[in-house]
Amino acid sequence: MKLIGSIWAAVVVTLVAACSPQQDPGIEQAISHTGDHFAPDRRVALFDIWAEQANGAWILKGETNNAKAKAALMDSLAAMGIPVTDSVRVLPAAELAGKTFAIVNNSVANIRSRPSHPSQLATQALLGMPLQILKKEGGWYLVKTPDDYISWVDGGGIAPMNQSEYEEWASAPKLIYLQTYGFSYQAPDVSSGKVTDLVAGSVLKMEGKAGSFYEVSYPDGRRGYVARQEANVFDQWQQELKTSQTSLLETSKTMMGAPYLWGGTSTKGMDCSGFTKTVYYMNGMIIPRDASQQVRAGTRVDDQKKFDQLQVGDLLFFGEPATNSRPQKVVHVGMWIGDSQFIHSSGRVHISSVDSTADNFDAYNLGRYLESRRYLGDRQGNIMPVGAMYALDGRN
């Protein structure tokens, strides 16, 4: 399961209200209130600003990826009559020299909590997925994913681009890989050498057809061939896609037995919310990353264990209920598949039951059940079509 906040103090940086014992309480309050308003979830918003005093004057330091947040803070301080010197950096960083876009160049890019390989896996991005680059440190890039997650990726896993290069990629015909796992080849022949592995949801640029294969290219220019029976033209896939209870059920079962991987969102391995995210992604919907974010999307359909009211595809959330002293804490999620059963990633992807007479009865999760949410037919919250991640409207 993916726990709230366990890695994020180091990822998107905790809001800092200055350490100086001479801190002006007005500055502290303005910074805190602005951060709470513009960056309530710091997994998806960067607001790392503080004030320092030097020679009797206040200097505002730090960085944010939200220019409106910085402007609001400056306006608040001006209204309070507090003069400051502005040293806050708005990302993307100027030193990127316009290379503020990237396309994932490996089957899966591991995105980590800090810019180092030993750091915890925060999430993953699939081949062909567009990212926004915010800044660079050494060989690492701070990036924002299509579901707005912010963290660090090794430069070896992406192809940085300027806007014109990105627009060319985004508008080009593309192919999406549909099997759980597979490969691209050096020639239109499975006996030829492999170029890379592929996972469900991998996207490549479409270059043409060669017999029973598609010819494709990678963001860095490599060429390969993918079996046509294992993939589809991206636009055609979107047009033909009919997201339904049946399609969600079928997709979920193709991942049976896949290993649990904290931070994983690919068919190589996934955590609980990574699994539900992947199921919906392969049905044309990008849903929020973590269980604690997924529970704020869609429409609540049950919080009383009235499982007969659920439909296939509804997401079930588990954790600790709210008390007088703390809010509800969501720590696990699964998907309802009917017949008193739900499928989830815990140890591996498997099916559990809420029926106490069933062999796969899951007493532990039933005991910590909180509520269920429906996404089909009601896409409230941060949910968008998969194709929208390539829109040339500045989302990235």
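So, Gly211: this one sits in the loop between strand 14 and strand 15, with strand 15 covering 213-217. This is a predicted model, by the way, so take everything I say as computed from that. Is Gly211 buried or exposed? Exposed, with a relative accessible area of 59%. What I like here is the neighbour: Gly211 and Pro188 are 23 residues apart in sequence, yet C-alpha to C-alpha they are 7.5 Å apart in space.

Stay in that region for a second and look at Val190. You'll find Val190 in the loop between strand 12, residues 181-185, and strand 13, residues 194-199. Val190 is exposed as well, at 54% relative accessible area. And here's its partner across the sequence: Val190 and Phe213 are separated by 23 residues along the chain and by 9.7 Å in space, again C-alpha to C-alpha.

Okay, strand 14 also gives me a way into the salt bridges. Which residue does Arg223 pair with? Glu207, and the closest N and O atoms are 3.9 Å apart. That pair ties together distant parts of the chain, with Arg223 in strand 16 (residues 223-227) and Glu207 in strand 14 (residues 203-210), 16 residues apart. Both ends are partly exposed: Arg223 comes out at 46% relative accessibility, and Glu207 at 33%.

There's also a network. Through shared partners, salt bridges join Asp41, Arg43, Asp271, Arg289, Asp290 and Arg296 into one group.

How many salt bridges turn up in the whole structure? The search gives 24. Let me pull out two more. Asp36 and Arg42 meet through their side chains, 3.4 Å from N to O. Asp36 is partly exposed at 43%, and Arg42 is partly exposed too, at 24%. Then there's Lys135 with Glu137, 3.8 Å, N to O. Have a look at the lysine in that one: Lys135 has 11% relative accessibility, so it counts as buried, the cut-off being under 20%. Its partner Glu137, at 41%, counts as partly exposed.

Right, on to the inside. In soluble globular proteins, nonpolar side chains tend to be buried together. In this model the largest nonpolar core has 42 residues, and Tyr281 and Met389 are the ones with the most contacts inside it. Apart from that core lies another one, of 24 residues, including Cys272, Val295, Ile337 and Leu370.

Keep Tyr281 in mind while we go to the cavities. The whole-structure search finds two cavities of 30 Å³ or more, and the largest has a volume of about 140 Å³. Which of its 13 lining residues come closest to the centre? Gln124, Met129, Thr265, Lys277 and, there it is again, Tyr281. As for where the lining comes from, strand 6 (121-126) and helix 7 (272-281) each supply at least two residues. Strand 6 gives the most, with four. And if you sort the lining of that largest cavity by class, you get six nonpolar residues, five polar and two charged.

Now a helix with two sides to it. Helix 4 covers residues 163-171, and its buried residues are Tyr166, Trp169 and Ala170. Why do I put those three on the same side of helix 4? Because they cover an arc of only 95° around the axis. Turn to the other side of helix 4 and you see Ser164 and Ser171, both exposed.

Last stop, the backbone, and there are three spots I'd click on. One is the peptide bond from Leu91 to Pro92, which is cis, with omega near 10°. Pro92 is in the loop between strand 3 (84-90) and strand 4 (101-104).

Another is Lys305, where phi is near 65°, a positive value in a residue that isn't glycine. Lys305 lies in the loop between strand 21, residues 299-302, and strand 22, residues 315-320. Lys305 is partly exposed, at 40% relative accessible area.

And then Ser340, also a non-glycine residue with positive phi, near 65°. Look for Ser340 in the loop between strand 23 (329-338) and strand 24 (341-346). Ser340 is partly exposed, with a relative accessible area of 28%.

That's my tour. Happy to rotate anything you'd like to see again.

Terms used
Residues numbered from 1 in each chain as written. Predicted model: local features only at pLDDT ≥ 70, side-chain atom pairs only at ≥ 80, totals over all residues. Heavy atoms only, no water. Salt bridge = Lys/Arg side-chain N within 4 Å of Asp/Glu carboxyl O. Buried < 20%, exposed > 50% of the residue type's maximum accessible area, 1.4 Å probe, protein only. Core = buried A, V, L, I, M, F, W, Y, C linked by side-chain atoms within 4.5 Å. 1 Å grid on protein atoms, 1.4 Å probe; cavity = no way out; pocket = protein on both sides within 12 Å on 5 of 7 lines; lining within 4 Å. Points joined across faces, edges and corners; volume = space filled by probe spheres on them. Nonpolar A, V, L, I, M, F, W, Y, C, P; charged D, E, K, R; others polar. Arc of directions from axis to C-beta.
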